[in-house]
Amino acid sequence: ANFVGDAGAAAIATALRAPGCALLRLNLENNRVHSSGARALAEAVGASTRFKRLTLSANNIVSRQRVKPEQLEGIGCAAPFKEGDRVRCEGREVEVMPFERGGQFFVQVGSNEAVLAFVSAMESSDSFERLAIAGCNLSVETRGVLRDAVDARRDRMGRGKPFMLHE
């Protein structure tokens, strides 16, 4: 099977930014697009004056990394951590999700940088009208951020031009 992945998503994002790009809809469902690829696409969509619909369902667009708690302490994150804690590590805000595997305790760190880029795209592009992100491992809090952005866009643009968020 061929998957677009982050490198392919970044290449598509570059093409979306090209003057005269006529692409209006893109379906990358289940294509192993992760945080960096989704972020590149979001930034390109936000810069477009024509692009309308993006489907990224069934991709892991929230960056997740499993590390030992002491590794986080080494980059300036204070421990102990509780599930759901939000901390700053290496200059970015992350959500801490502790778990145990094989008798060892790890912390899974998630970053919502791609989601925040989509919020920005909703704010900057009047043509962008639909984002499908079902099955993308988004937390309840992250979904709330996206819903708030959709509501703000509707308030700004009026009800006549709705934005559709499929989560």
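The exercises below, each with a worked solution, concern a predicted model.

**Exercise 1.** Determine where A7 is placed, and whether A7 is buried or exposed.

*Solution.* Begin with the secondary structure, where A7 falls in helix 1, which covers residues 5–17. Next take the relative accessibility, which is 63% for A7; because exposed means over 50%, A7 counts as exposed. Finally, look along the chain to G37, which lies 30 residues apart from A7 in sequence, while the C-alpha atoms of the two are separated by 6.7 Å.

**Exercise 2.** Describe how helix 1 and helix 2 are oriented to each other, and find which residues make the contact.

*Solution.* Two quantities are needed here, since a pair of packed helices is described by the angle between the axes and the distance between them. For helix 1 and helix 2 (residues 35–47), the axes come within 8 Å and cross at roughly 10°. Because angles under 35 degrees count as roughly parallel, helix 1 and helix 2 are roughly parallel to each other. The contact is then traced to its residues: helix 1 contributes D6, A9, A10, I12, A13, L16 and R17, and helix 2 contributes S35, S36, G37, A40, L41, E43, A44, V45 and A47. Sorted by character, the residues of this contact comprise ten nonpolar, three polar and three charged.

**Exercise 3.** Identify which residues touch the most other members of the largest nonpolar core, and which elements give two or more residues to this core.

*Solution.* The largest nonpolar core holds 34 residues, and L54, L56 and F128 are those that touch the most other members. Two or more residues come from each of helix 1, helix 2, helix 4 (113–124) and helix 5 (140–157), with helix 4 giving the most, namely seven residues. To follow one of these members further, set aside the neighbours of F128 within four places in sequence; F128 is then in contact with V45, F51, K52, L54, F118, A121, M122, R153 and F163.

**Exercise 4.** Work out the strand order of the open sheet of four strands, and state which strands stand at the edges.

*Solution.* The strands of this open sheet follow the order 1-2-7-8, and their pairing is parallel. Strand 1 (25–27) and strand 8 (164–166) each have a single partner strand, so they stand at the edges and one side of each is left without a neighbour in the sheet. Neighbouring strands are turned by 5° against each other on average, with direction ignored. For the pair at one edge, strand 1 runs parallel to strand 2 (residues 53–55) and is joined to strand 2 by three bridges; within strand 2, T55 stands opposite N27.

Notes:
Residues are numbered from 1 along each chain as its sequence is written. This is a predicted model: local features need pLDDT of at least 70, side-chain atom pairs count only at pLDDT 80 or more; totals for chains, interfaces and linings use all residues. Side-chain values use heavy atoms; hydrogens and water are left out. Buried means under 20% relative accessible area, exposed over 50%, partly exposed in between (1.4 Å probe, protein chains only). Axes are lines fitted to C-alpha atoms, for helices over the stretch in contact, and angles run from 0 to 180 degrees between N-to-C directions. Angles under 35 degrees count as roughly parallel, over 145 as roughly antiparallel, 65 to 115 as roughly perpendicular and the rest as oblique. Contact means heavy atoms within 4.5 Å. Ala, Val, Leu, Ile, Met, Phe, Trp, Tyr, Cys and Pro count as nonpolar, Asp, Glu, Lys and Arg as charged, and the others, Gly among them, as polar. A nonpolar core is a set of buried Ala, Val, Leu, Ile, Met, Phe, Trp, Tyr and Cys residues joined through side-chain atoms within 4.5 Å. Two strands pair if DSSP finds at least two bridges between them.
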